[in-house]
Amino acid sequence: MSKTDTMTNQWTRFQNRLYARLSQRRKAVSGFVGEPEPRTVGSFARGRQLVAGNLLFAGFLVEAQDTELWDVAAPSTGFDNERHGFAWLDDLAAVGDMRAREKAQRWVWGWINAHGRGQGPGWAPDLTGRRVIRWINHAIFLLRGADEHQSRMFFRSLAQQTWFLSKRWKAATPGLPRFEALAGLVQAGLALEGLEQMADPALRALARECDSQVDEQGGILTRNPEELLEVFMLLSWTSAALSALGRGTPGAQASAIKRMAPTLRSLRHADGALARFHGGGRGVEGRLDQALAQSGVRPHHDTGLSMGFARLYAARTSVIVDAATPPKGAASYNAHASTLAFELTSGRRPLVVNCGSGESFGMEWRRAGRATPSHSTLCLDGYSSARLAPPTQGAEREALVDAPHEVPIDFEDAFEGTRFMAGHDGYTKVFGLTHARTFELRFDGRELACEDILLTATDKAKRQFDKAMDASGLKGIAFDIRFHLHPDVDAALDLGGAAVSMALKSGEIWVFRHDGVGKLSLEPSVYLENGRLKPRATKQIVLSGRAMEYATRIRWTLSKAQDTAYAVRDIHRDEPEFD
């Protein structure tokens, strides 16, 4: 982070604090235009944890049975952001009993007393938008049993935060943070009496963001599937709030929702969860289905890529491949070097995964999760297909640089299934080698066959390969093809090391085999996911070898070996279709 960037951030924080204090001049609104509806869904299990005093935010667990939320010393910035964003209010509302409501009320009015006058890190546009949405969504839950003084404090704070958003939404980073700020401003303007004049300018600004941030294919610049879902939900909630008042959705917003829905459907696996790429997780259970149902956009099958990802699907087996260049510029600060990596899910059971985002476990885990070896793809000599820029003093994030420039792709019908081909030039600069992958998923979903090729595509690439060979002492360029397995998979290397058997909890057994090129091993790995205190231990299949020629070809298969009666019941019991 440069000195100029640091000064800009400091100036932004100063202005946020200034407008937060100026917001105290706003008078309380009289109430709601109509009875607010809770549109956000929380986790009952997490709500019970909060009621018990166990605060799990951003990977940190703080036991606070006798300590109020705002008296807890935050162990990280992420912890602070999560508690000030109030998404946890969804979880307490999901419990919904008297103890949960009393805790929610104490924490909401505790925030007003501790931070309502403009103090603290919660006065950022995105956090304020997120907080306002939750307060409005769960207002009936919060105000039940509240006295007149508490109600007046609640509505006065909402008026102050809404005014702050009207002045500071432009300071939010383009993308999800700005959508959060504007969605909060729109919903407050629509819901609160006396603030109706704030809704229409915010709606026009939201429409402009839809045009500039959501591309023609329904994707966003960060290529983060979970972030796309968050934006989609904000737009859907705003559209629902307009509909409840008998108003139509602006054209640009309605068009963005219509474009994004099929993209999200393409980015989810057979179990309904999102593919985990570029910092995104599987998504909160049920949230994607709720958002798609609320959107009213009917499913239809698209061909080609969706936000740069290819999806192969057959008979309850889904394969999702990162088949585009990584995000560029500011959007690359959370991007992963995952080009040509894939995930595979069978029925309701993930089999092959990526390690995921390590952001909630600290900087080192975050960097490790972004590297190519943390993804299910080929890696050359330990190098990533894109490089993290060296961290500078005071930097919290590193951009992704030296990424692949070209990722040609092609779909075609095969004799027994669907074939997808892609390649990237991320290793050409150092090794002169282009990585190409061909996936073929059988129509019955029982086998995925793949061919990985390393080749020198030009004379210049051949000269670079020769230099790399000389540097290796003519021992060849080492490669590893990694297949990270979900923690619920029980994997074992067969005798002789020719195959790996993988048992799913459904009773299915899958087998990995290869054509004999390279050495097969089963090694430790990790599964990184938000909401846990530490990474989960798992395993990875590693196929290692050396590229000695201008073209090296490696073939492998993942095939289903057994279906038990239990497996059939597990896959189809109470399970909706996600194709």
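**Notebook: strand pairs, helix crossings and a cavity**

**Entry 1: the β16 and β17 hairpin.** I started at Ser501, which stands opposite Val511 in strand β17. A note to self before going on: I am looking at a predicted model. Next I looked up the two strands themselves. β16 covers residues 499-503 and β17 covers residues 509-514. They run antiparallel, and five bridges join them. How many residues lie between β16 and β17 in their hairpin? I found five. In that turn I stopped at Gly507, whose phi is positive, at about 105°.

**Entry 2: the β1 and β2 hairpin.** Then I went back towards the start of the chain. Strand β1 spans residues 54-57, strand β2 spans residues 60-63, and the two pair over four bridges. In which sense do β1 and β2 pair? The answer is antiparallel. I followed two of the partners across: Asn54 stands opposite Glu63 in β2, and Phe57 has Phe60 as its bridge partner. This hairpin has two residues between its strands. One residue I noted here is Ala58, which takes a positive phi near 55°.

**Entry 3: α6 and α9.** Time for helices. I picked α6 (residues 125-137) and α9 (residues 176-191), whose axes come within 7 Å and cross at roughly 40°. That crossing makes α6 oblique to α9. I checked the cut-offs to follow this step: angles under 35 degrees count as roughly parallel, and 65 to 115 as roughly perpendicular. I also looked up the handedness, and α6 passes α9 in a left-handed crossing.

**Entry 4: α11 and its partners.** Helix α11 (residues 225-244) took me to α13 (residues 287-295). The axes of α11 and α13 come within 10 Å, crossing at roughly 40°. So α11 is oblique to α13. The crossing of α11 and α13 is left-handed.

I then turned to α12, which runs over residues 251-266. At what angle do α11 and α12 pack? It is about 140°, and their axes are 10 Å apart. Roughly antiparallel would need an angle over 145 degrees, so α11 and α12 are oblique to each other. Here too I noted the handedness: α11 passes α12 in a left-handed crossing.

**Entry 5: the cavity.** Last, I went looking for enclosed space. Rolling a probe the size of a water molecule over the atoms shows where empty space is left. How many cavities of 30 Å³ or more does a search of the whole structure find? There is one, and the largest cavity has a volume of about 50 Å³.

I wrote down the residues that line the largest cavity: His269, Leu274, Ala275, Arg276, Arg282, Glu343, Thr345, Pro350, Val352, Val353 and Tyr527. Two elements give two or more residues to this lining, β5 (342-346) and β6 (349-353). Which element gives the most to the lining? It is β6, with three residues. Finally I sorted the lining by class and got six nonpolar, two polar and three charged residues.

Definitions and conventions
Residues numbered from 1 in each chain as written. Predicted model: local features only at pLDDT ≥ 70, side-chain atom pairs only at ≥ 80, totals over all residues. Heavy atoms only, no water. 1 Å grid on protein atoms, 1.4 Å probe; cavity = no way out; pocket = protein on both sides within 12 Å on 5 of 7 lines; lining within 4 Å. Points joined across faces, edges and corners; volume = space filled by probe spheres on them. Nonpolar A, V, L, I, M, F, W, Y, C, P; charged D, E, K, R; others polar. Pairing = 2+ DSSP bridges. Axes fitted to C-alpha atoms, helices over the stretch in contact; angles between N-to-C directions. Left-handed = near helix turned anticlockwise from the far one by under 90°.
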